[in-house]
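Reader: I am new to reading protein models. Could you walk me through this one, step by step?

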Amino acid sequence: MREERPTRDQLRVLIPEERLQARIKELGAQIRADYGDRPITCVGVLKGSFMFMADLVRAIGGDIRCEFLAVSSYHGGTRSTGVVRITEDLRTPIEGQDTLVIEDIIDTGLTLDYLLRSLQVRGPASLKTCCLLDKPAHREVALDSDYVGFSIPDEFVVGYGLDLAERYRNLPHIAVYTP
Ligand code: PRP
């Protein structure tokens, strides 16, 4: 009798590591040029942005402060629920600071829209966004990121910080997941 084998996840590389790193260097140079030598408070949105944030702040260089907050919107599935929740807030005020929100992906836009409204009322000197990936197909709010790494097709992506039920965050590239 044959043993039934477990179904293997299908992963296909969408953006290889070298392309990711080259684009992040370009983004960093562009951001630093735009801000001059002003300090930038980078706010990483956990968990997905942790790897992008680590590479981007090095690419920007100069005077950078690193802050983090955590949100939850997908709750382990492959579709957005539309429910945004701040699960851990900033530990310091951003009042008077040039603040750059760093996200791994903008999909429906609900998370970023909610975050920008929450942060704007705290009185930053400026508030901009940098998203590694932009998936415009399912946008539910009219929102564009100030800086975008790559525009991607309507597929579920994992890797380089992005997960499926907490798996695959450690991949050095972006991959398309097909169940
Ligand atoms: C992902 C991603 C963004 C959000 C984008 O977070 O990191 O925060 O979804 O989707 P949206 O534009 O449709 O709102 P997720 O809830 O998966 O949490 P994680 O970063 O901890 O993986």
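**A first tour of the chain**

Author: Gladly! This is a predicted model, and its chain holds three helices and nine strands.

Reader: In what pattern do the helices and strands follow along the sequence?

Author: Start at the N terminus and read along the chain, writing β for a strand and α for a helix. The pattern you get is β-α-β-α-β-β-β-α-β-β-β-β.

Reader: What is the mean pLDDT of the chain, and which residues fall below 50?

Author: The pLDDT tells you how confident the predictor is in each residue. In this chain 90% of the residues reach 70 or more, and the mean is 91. One stretch has a pLDDT below 50 and, beyond near neighbours in sequence, makes zero contacts in the model: residues 1-6.

Reader: Which strands are the edges of the open sheet of three strands?

Author: The order in this open sheet is β1-β9-β8, with antiparallel pairing. An edge strand pairs on one side only, and that describes β1 (10-15) and β8 (157-158).

Reader: Which residue of β9 is the bridge partner of Arg-12?

Author: Strands of a sheet pair through backbone hydrogen bonds. Here β1 and β9 (residues 174-178) run antiparallel and are joined by five bridges. Across from Arg-12, the partner in β9 is Val-176.

Reader: Which elements help to cover the buried residues of helix α2?

Author: First, find what needs covering: in α2 (residues 50-60), the buried residues are Met-51, Phe-52, Met-53, Asp-55, Leu-56, Val-57 and Ile-60. Their cover includes one helix and several strands, namely α1 (17-35), β2 (40-46), β3 (64-72), β5 (98-106) and β6 (126-134).

Reader: And which residue just after α2 takes a positive phi?

Author: Step past the end of α2, which spans residues 50-60. There you meet a phi of about 70°, and the residue that takes it is Gly-61.

Reader: Why does Cys-66 form no disulfide?

Author: A disulfide needs two cysteine sulfur atoms within 2.5 Å. The closest cysteine sulfur to that of Cys-66 belongs to Cys-42, and it is too far for a bond, at 6.0 Å.

Reader: Is Cys-130 buried or exposed, and how far is its sulfur from the closest cysteine sulfur?

Author: With a relative accessible area of 0%, Cys-130 is buried, whereas Cys-66 is partly exposed at 39%. The closest cysteine sulfur to that of Cys-130 lies in Cys-131, too far for a bond because the distance is 6.9 Å.

Reader: How many disulfides does the whole structure have, then?

Author: Both cysteines we looked at, Cys-66 and Cys-130, have their closest cysteine sulfur too far away for a bond. A search of the whole structure gives the total: zero.

Methods
Residues numbered from 1 in each chain as written. Predicted model: local features only at pLDDT ≥ 70, side-chain atom pairs only at ≥ 80, totals over all residues. Heavy atoms only, no water. pLDDT = per-residue confidence, 0-100. Contact = heavy atoms within 4.5 Å. Pairing = 2+ DSSP bridges. Helix = DSSP H or I, 4+ residues; strand = E, 2+ residues; numbered from the N terminus. Buried < 20%, exposed > 50% of the residue type's maximum accessible area, 1.4 Å probe, protein only.
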